[in-house]
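Trainee: Could you take me slowly through one strand in the middle of this model and what is packed around it? I would like a connected account rather than a list.

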Amino acid sequence: MRGRGPAFVVRITVDPPHPQDVIVPPAAANAVTEATTPFRRCADGVRMLRAALLELERVARAAQVPPLAGREWYELIARKLLPQLTDDSYLVVAVVGGTNIGKSVVFNHIAGARASATSPLASGTKHPTLLVRGEFVDTHDLEQIFPGFELQPWTQAEEALREEGAHQLFWRVSAATPENLLVLDTPDIDSDARINWERADSIRRCADVLIAVLTQQKYNDAAVKEFFRKAAREDKEVLILFNQCQLPEDEEYWPLWVDTFCRETGIEPSLVYVAPSDRAAAEANRLPFYEREWPRQKDASGKFITSSESNEPRSLLQDLSEMRFAEIKLRTLRGSLVEVLDGERGLPAYLGEARRCSGDFKAAAELLAAHQLAEIDNWPAAPNKVLVGELREWWSKQREGWSATVHGFYNAIGRGLAWPIKAARETIYGEEPGPFDRYRELEWAAILTAVEKVFRKLTWISELGNELLRPKLQSLLAGANRSQLLDTLQAAHRQVDLKWELSDLVAREMQSFRDESPKYYEFFRRLDGVAAAARPATSVVLFLTGFGPVGDVLMPAVADGAIQGMVHIAGDVAGGTVAAAVGESVISGTASQGAGYLEAKFRRLHNAFTARRAAWLGGLLKEHLLRDLPEELATAAMLPESPEWQRVEQLQQQLASQLPKAGSGTN
């Protein structure tokens, strides 16, 4: 038998009193004989990995990555590695198996008393029952060792049979149990009640040693085999107890059954026992367990050779106490770490799944970005008249001294000259709407067109087949949403102070011109001074000839040609700006480099104002239509580049490099 060593005899007692002699090796009596220092190095890494995973899970919600809870490898971190990754080499032994096969009988044999209720009915045990030494309870936190369970002190055997929604674990102190051995009876692993599976799985993750109770009816059951496949991947120490055998008739058959079970689960048992079918002995806690040789030898024809083995009953508690605690602990903890880092089922597989989810969102984000939602090709330009007016007003504030006095004087005259012309026009044609009123109407028409385009494009994108975008976009495109959006946009549009928007833009752009091009600014400033000196002569000549140096770009044309010339004159006299000083060359772009530069700045103002207004609309569409959709898509699409992702990958690589070698206590 593997793992046995020198022993001595001690007398131990269980409650209720049931004296028995058990052979306990010095190693078990002292609890730990081998150091597990490699896992001390892994402990901090696992704790940091758990914290990093929780942060990544929070970020990954944007990409709709399924949660961590319930994933086998993550449950191993939470329920096995974090509680047990220490130098304290206690063993958790669980009696496990299918429905109505005598698990509680085996458990009571180990306990030496009726610690768990037995029943001929299926699905008797609903909650795990734990045997533990009192000294262990004094120095350890059982809730930390068995996370997810509500621990309750044991008072009577029938408590574990109660139906309860909560995951409860009943524990009792047993003097018969070695100090660092924790023994559990468990719910059925093939029960119709899913909650029993969950409890049994939780115990499997916590356990180091599994006593697999099998019968002829259950050894080939699909649910049972799946449970033990997981145990094999986690490299659990497994003892097989084939129960309810018809002895000696089944001596030639049980090896076939065990062989099938081992081949289909990957289990390599360290010990194999058989027990007879004897209900009376089971109820009286006198059922014998016989050790059998495994693996079994085969003859030339492939049949198992029947050996003459002892029929002296074994004490399972004695055999458990002789196991090498630290060696098994190293093995099972390493097995759990290997499962966590497994490329097909563990953390790398989770990251692969998260990367695929992120890729789906990236495709959705690229699809949305590839089609400009608010593409507007007919946005109205700012009125030239008011734009030039704002330019003149800004420039007038830059003048100083004599130049400011002269231009101010003639500006006052210009306003006086312009008044009768304006009054005459209003008498003939009626009061003309202000330039901003006309612009507001044109802009609203452009907004309606833009919104219609946005809804058409979103509808088209929602029909392309992207499963992530479709439900999100369909909720945005509902009829009520469209009506509410138009009402919101119209209310916001009415409240916009267009004059302030233009004034603010001109001030910013011209200040930028002054700061970025001081030479050009000084050049035009000198021209403005020359214009002030020549102002009387220029004004008279222009007034008499009827020609204005400022063309249609600066003042809109009117129907009456005679009035048009007068207006141009008034505009020049009233303005006194750089445009008046240098004439049409400022706008035409055919004159000097300085004039072309000024024309470019003028056009830049037009473009900047249009961009500013379009950005205003885009902001409202984002706030009231798309809402957080672009950010959600971008966050999900960039998940693999996030700091949280990088941190998890870094810790994963560190743990892989620290993983202790199989079968040794060193790296």
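Mentor: Strand S3 (residues 91–97) and strand S8 (209–214) pair in the parallel sense over 5 bridges, and in this pairing Gly 97 stands opposite Val 213 in S8. Please keep in mind throughout that this is a predicted model. S8 also pairs with strand S9 (237–245), again in the parallel sense, over 6 bridges. Within that second pairing, Ile 211 of S8 stands opposite Leu 239 in S9, and Val 213 stands opposite Leu 241 in S9. Val 213 is therefore a useful residue to select on your screen, with Gly 97 opposite it in one pairing and Leu 241 opposite it in the other. As general background, strands of a sheet pair through backbone hydrogen bonds, either parallel or antiparallel.The wider sheet puts these pairings in context. It is an open sheet of 9 strands with the order S5-S6-S4-S7-S3-S8-S9-S10-S11, and its pairing is mixed. Its edge strands are strand S5 (150–153) and S11, each of which pairs on one side only, while the twist from one strand to the next averages 25°.

Turning to the surroundings of S8, 6 of its 6 residues are buried, so the strand is largely enclosed by the rest of the structure. Both of its faces are covered, with Val 209, Ile 211 and Val 213 buried on one side and Leu 210, Ala 212 and Leu 214 buried on the other.

The connection from S8 to S9 deserves a look as well, since S8, helix H8 and S9 together make a right-handed β-α-β unit. Helix H8 (222–233) lies across S3 and S8, and it runs at about 160° to S8.

S8 and H8 also appear in the surroundings of another helix, H9 (residues 254–265). What covers the buried residues of H9 includes S8, H8, S9, strand S10 (271–276) and strand S11 (290–292). H9 is mostly covered, with 9 of its 12 residues buried, and these are Trp 254, Pro 255, Trp 257, Val 258, Asp 259, Thr 260, Phe 261, Cys 262 and Thr 265. As for its length, at 1.5 Å a residue the 12 residues of H9 should span 16 Å, and its end C-alpha atoms are 16 Å apart, which agrees. Just after H9, Gly 266 takes a positive phi of about 85°.

Two other helices can be read in the same manner. Helix H7 (residues 194–206) has 13 residues and reaches 19 Å from its first C-alpha to its last, close to the 18 Å expected at 1.5 Å a residue. Its buried residues include the charged Arg 199, Asp 201, Arg 204 and Arg 205, together with Asn 196, Ala 200, Ser 202, Ile 203 and Cys 206. In helix H4 (residues 103–111), 9 of the 9 residues are buried, so H4 too is largely enclosed by the rest of the structure. Among those buried residues are Lys 103, Asn 108 and His 109, as well as Val 105, Val 106, Phe 107 and Ile 110. Just after H4, Gly 112 takes a positive phi of about 75°.

To place this part within the whole, it helps to turn to the nonpolar cores. The largest has 81 residues, of which Leu 53, Trp 73, Tyr 350, Leu 489 and Leu 639 touch the most other members, and its largest share, 11 residues, comes from helix H16 (residues 435–462). Apart from it lies another core, of 44 residues, which includes Trp 171, Val 224, Val 272 and Val 274. In the largest core, Trp 73 is a convenient residue to inspect: leaving aside its neighbours within four places in sequence, Trp 73 is in contact with Leu 53, Leu 68, Glu 339, Val 340, Arg 345, Gly 346, Leu 347 and Tyr 350.

Finally, for the chain as a whole, there are 27 helices and 11 strands, and 49% of the 667 residues count as buried. Among contacts with a separation of 6 or more, residues 24 or more positions apart account for 78%.

Terms used. Residues are numbered from 1 along each chain as its sequence is written. This is a predicted model: local features need pLDDT of at least 70, side-chain atom pairs count only at pLDDT 80 or more; totals for chains, interfaces and linings use all residues. Side-chain values use heavy atoms; hydrogens and water are left out. Helices (H or I, at least four residues) and strands (E, at least two) are DSSP runs, numbered from the N terminus. The expected span of a helix is 1.5 Å times one less than its number of residues. Buried means under 20% relative accessible area, exposed over 50%, partly exposed in between (1.4 Å probe, protein chains only). Contact means heavy atoms within 4.5 Å. Two strands pair if DSSP finds at least two bridges between them. A crossover is right-handed if, with the strands pointing away from the viewer, the path from the first strand over the helix to the second runs clockwise. A nonpolar core is a set of buried Ala, Val, Leu, Ile, Met, Phe, Trp, Tyr and Cys residues joined through side-chain atoms within 4.5 Å. Axes are lines fitted to C-alpha atoms, for helices over the stretch in contact, and angles run from 0 to 180 degrees between N-to-C directions.
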